[in-house]
Amino acid sequence: MITISLKPDMKNPMYIQIYEYIKEEILRGNLACPQKLPSSRSLAAHLQVSRSTVDTAYGQLVAEGYIEAREKRGYFVNPITHTQNFRVTPPAAPAGSADRTAETVLYDFNPDAVDISHFPYSVWKSIGKNQLDNPKNFVSGSHYGNRELRQAISDYLHGSRGVNCSPEHIVVGAGLAHLLQMLCVLFEHKGAIAMEDPGYRSARQVLHSGGFTILDIPLREGAFDTEALKSAPTDICYVTPSHQFPLGSVLSISRRQQLLSWADEAPGRYIIEDDHDSEFRYQGLPIPALQSLDYRRRVIYIGTFSKAISPAVRMGYMVLPETLAEAYRERCSFYPCPVPRLSQAIMTDFIRQGFFEKHLNRMRKLYKGRHDRMVEAICRYLPEKYFDISGDNAGLYLILRYRGPLDEKTIEERAKKNGVRLRSLRGYYAQPPAGYSPSYLLGFAGMEDEAITEGIRCLAERVFR
C-alpha cells in the first residue's frame, strides 16, 4: 500500500500531494510498469481521505500519461523512459509558486467538457452485442440514416422538445459540422447567412468554408436582434434560441414570433435552429423548440448527442421542412450516411428501451449539483463588487464577468501560471462591443465537486487577487 504523509494544513490540496508523490515515485523508478496501484477506494480508506480526492489525483496522472486506467481492472503504471537520475520538479499547489511548470493544468474549466464516467457502458455494450448478431447492420443502409433511428429520434423530439416531424424529414449525420456541410451543399454553396455575435465559432467556420458569407448580427439585450435581421441582405439565419451560445439567454416568445414572421415574409427564407444543449435546464420547465411554433415550415432543426452522451459518439440529426427534404433527396441523396449502421442500431435501442431518457435524468441531476456547487463557490470566494455570473439556469457552463482593475493579459498570465485553464468570451465575438470587460466561460460538467470549489478558490486567491 502507498504510504503518503499528507499535510492538511498546507496550501496544497491533498489530491495534489497524492498526485505529486505518485508521480515522483514513478519518475524515480520506485513504481514501475506494469505495477498496479491500489484502488481509489482502498487508497482513500488507507489515507483517510475522500474517494473523490484519490480519483482526482489518479485522473491527473492518467491525463499526463503516468498511469493507465483499465476498465474493471484498475490503475497501472505506464512505461516511463529515463527515470533514473531524473530531476523531479513537482508542481506546486494552486498557490501559484514560481517552480510550477506552465504546462500543468490543475483546473480545467472547459465549457465543452462532459462527464463520461457515469455513462451506462454495460448497457451500451449489451445492446452492441445483440446488434452484432443482426446481419443487416453489415450491409449498406439508407443515405438519410436508419429509418428505425429516425423514427426513434422523431418520437423523442416530439415528446421532449415539441418538434413536429416524421422520419422522412430527418437526416442523420456525423455531428453538427457534417450536417452544416450538407446544408452548404443543399443551398448550393452560395449566399449569405446571418449569425449571432457572439456565437458558435465552429459553426461559423464550417459555413464560411462551405461558401457562405457571414453576416454578424450583434445581440440586443443578450438575445438575437430580430430588428437588425430585417435589414440584413440574407434569406438564412443561424440561431440558438433555447440557450444562446455562448451568453446563455433564451429568445423570448415575442422575438421568436418576429423571427418566424421574418422567414414568412419572402419565399426561400429559412432559420437554422441549433438546439445544442436543451436537455440540461435547471430551473422551470424545458424551453420548447422554435420549430414547435413553425407552422409555415421554415425552421431547420439541428441536434446532436454530443452533450447528452459524448462528442465521441459523432452522431447528430437535422429535421428539414418538407420542401427542403424534397430538395435534399434531389441534391444530396448520393452522399452516404457517414454514421456506421451498427452505431445507429445501438443508439436506436438505447433510445427505444428508455436508457437514453434514464441517462439524461441522471446527468441532469449530477450537472445541477455541480452547477450549484460552482455558483456557491463563486458567491463565497469572488466578491460581488467585482464579479457577476450569467447563463446559470441551463447548459454546462456559467459566464463569469470581471469588473475589477486587472486587464485580460494579466488575468490570463496568472491563470496559466497557477494551472488554471480559462476560455475567454472575447474569442466568440466577431467584434467585442464597446465597454467589454474580461469574461470567461466556466465549464463545470467535466469537474468533480472538490475540483470546482478549489478551482474557484484558486481564481480568487491567485488569479484575481
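These legends describe close-up views of a predicted model.

**View 1. Strand β8 and its cover.** Strand β8 spans residues 270–274. The strand is mostly covered, with five of its five residues buried. Both faces of β8 are covered. Tyr-270, Ile-272 and Asp-274 lie on one side. Ile-271 and Glu-273 lie on the other. Each of these side sets is buried, the acidic pair Asp-274 and Glu-273 included.

**View 2. Pairing of β7 with β8.** Strand β7 covers residues 236–239. β7 and β8 run parallel and are joined over four bridges. Within this pairing, Tyr-238 stands opposite Ile-272 of β8. Ile-272 is also one of the buried residues of β8.

**View 3. The β-α-β unit.** Helix α9, residues 253–264, joins β7 and β8 in a β-α-β unit. The unit is right-handed.

**View 4. Pairing of β8 with β9.** Strand β9 takes in residues 299–304. β8 pairs with β9 in the parallel sense, again over four bridges. Here Asp-274 of β8 stands opposite Ile-302 of β9. Asp-274 is buried, on the side of β8 that also holds Tyr-270 and Ile-272.

**View 5. Ser-154 in helix α5.** Ser-154 sits in helix α5, which spans residues 147–161. Its relative accessible area is 5%, so Ser-154 counts as buried, the cut-off being under 20%. Beyond its neighbours within four places in sequence, Ser-154 is in contact with Cys-165, Ser-166, Pro-167 and Ile-170.

Key
Residues numbered from 1 in each chain as written. Predicted model: local features only at pLDDT ≥ 70, side-chain atom pairs only at ≥ 80, totals over all residues. Heavy atoms only, no water. Buried < 20%, exposed > 50% of the residue type's maximum accessible area, 1.4 Å probe, protein only. Helix = DSSP H or I, 4+ residues; strand = E, 2+ residues; numbered from the N terminus. Pairing = 2+ DSSP bridges. Right-handed = clockwise from strand over helix to strand, strands pointing away. Contact = heavy atoms within 4.5 Å.
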